[in-house]
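Here is a guided walk for anyone opening this structure for the first time. Have the picture beside you and follow along.

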Amino acid sequence: MNIKPELAWGIIAVLFAIFLALFFSVEIGLFTLLFGCVAWWVWESPEESFLIFIILSPLLPMFKATQTMGNITLVKDVIIIMLFLKTFFVPLIEQRLPYRKNLLFAPIVALTLWSLFEVVQGGSTLAVLRLREIILYMLLYFGVLY
C-alpha cells in the first residue's frame, strides 16, 4: 500500500498534537497543529507566505498584549524559520544555492557571537528572548537574500 508523504506527515502531526493536547494542554495541541499547517503552507508557497508575513507583522504586537492570544505571535517565528529552510538551508545542503555577494555576513557573525556572549553574561530570560529575536531576523535576512 502506497501512502502519499503529505498524508503520512499530516497524520504524524495530528497524532503529535493530540498527544500534546492530552498530556499537557489543549492550547498547546491546537497551536502545534496550527504551526504545522503554517509550516507546510510556507514550504509549499514561500512567496505568498512572505507577503502574508509582511502584512501580518504590524498586527502581531496587538496579539502579544493579550494573554490568551499571545502565542499566535509565534506564527511569525514559524514563517521565518521555514522561509530560511526552504530558500537558504536546503539549497545550501543540496549544493544548488546560487552565489550572491553578502556584505553583511561578517557583521552578522560578529553580532551573533556578541549576543551569545551577552546572554551568558546577563543570564536572564529576557536576554534569551531578545537573542531569539536577533537570530530570527538574521535567518529572515538569509531567507530574503536568496
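## A walk through the helices

Let's start in a loop: Q95 sits between α5 and α6, the latter covering residues 105-122. Keep in mind that what you're looking at is a predicted model.

Before staying with that loop, step back and take in the whole protein. Its secondary structure adds up to seven helices and zero strands, so reading along the sequence simply gives α-α-α-α-α-α-α. Draw a box along the principal axes and the C-alpha atoms fill roughly 50 × 40 × 30 Å. The chain has 146 residues, and 28% of them are buried. As for the outside, the accessible surface comes to about 10,300 Å², with 75% of that belonging to carbon and sulfur atoms.

How do the parts of the chain meet? Take the contacts between residues at least 6 apart in sequence: 66% of them join residues at least 24 apart. There's a charge picture too. The protein has 9 positive and 9 negative charges, and the mean positions of the two sets are 5 Å apart.

Now for the helix that leads into our loop. Helix α5 runs over residues 74-93, which makes 20 residues. From its first C-alpha to its last it reaches 26 Å, close to the 28 Å expected at 1.5 Å a residue. Where does α5 bend? Look at L85, where the bend is about 45°. Quite a list of residues in α5 is buried, including V75, V78, I79, I80, M82, L83, F84 and F88. The charged-residue names K76 and D77 are on that buried list as well, and so are T87 and P91.

Just after α5 we're back at Q95, which takes a positive phi of about 55°. Why point that out? Most residues other than glycine have a negative phi. Q95 is a residue other than glycine, yet its phi is positive. Is Q95 buried or exposed? Its relative accessibility is 75%, so it counts as exposed, the cut-off being over 50%.

For the opposite case, hop over to helix α3, residues 46-56, where you'll find S49. Its relative accessibility is 0%, and because anything under 20% is called buried, S49 counts as buried. Which residues does S49 touch, once its neighbours within four places in sequence are left aside? They are W41, V42, I79 and L83. Two of those names may ring a bell: I79 and L83 both appear among the buried residues of α5.

Last stop, helix α1, which spans residues 5-23 and holds A21. With a relative accessible area of 23%, A21 is partly exposed, since that value lies between the 20% and 50% cut-offs. Not counting residues up to four places away in sequence, A21 touches V26 and G29. W41, which we met as a contact of S49, is another matter: the C-alpha atoms of A21 and W41 are 22 Å apart, with their positions 20 residues apart along the chain.

F19 has its place in α1 too. Its relative accessible area is 41%, so F19 also lands in the partly exposed group. Look from F19 to L30, eleven residues along the chain, and you'll find their C-alpha atoms separated by 11 Å.

Technical notes
Residues numbered from 1 in each chain as written. Predicted model: local features only at pLDDT ≥ 70, side-chain atom pairs only at ≥ 80, totals over all residues. Heavy atoms only, no water. Helix = DSSP H or I, 4+ residues; strand = E, 2+ residues; numbered from the N terminus. Buried < 20%, exposed > 50% of the residue type's maximum accessible area, 1.4 Å probe, protein only. Contact = heavy atoms within 4.5 Å. Expected span 1.5 Å × (residues − 1). Bend = angle between axes of the 7 residues up to and from the residue. Areas by Shrake-Rupley, 256 points an atom, 1.4 Å probe, with all protein chains shown as cover. Lys, Arg positive; Asp, Glu negative; His and termini not counted. Charge placed at Lys NZ, Arg CZ, Asp CG, Glu CD.
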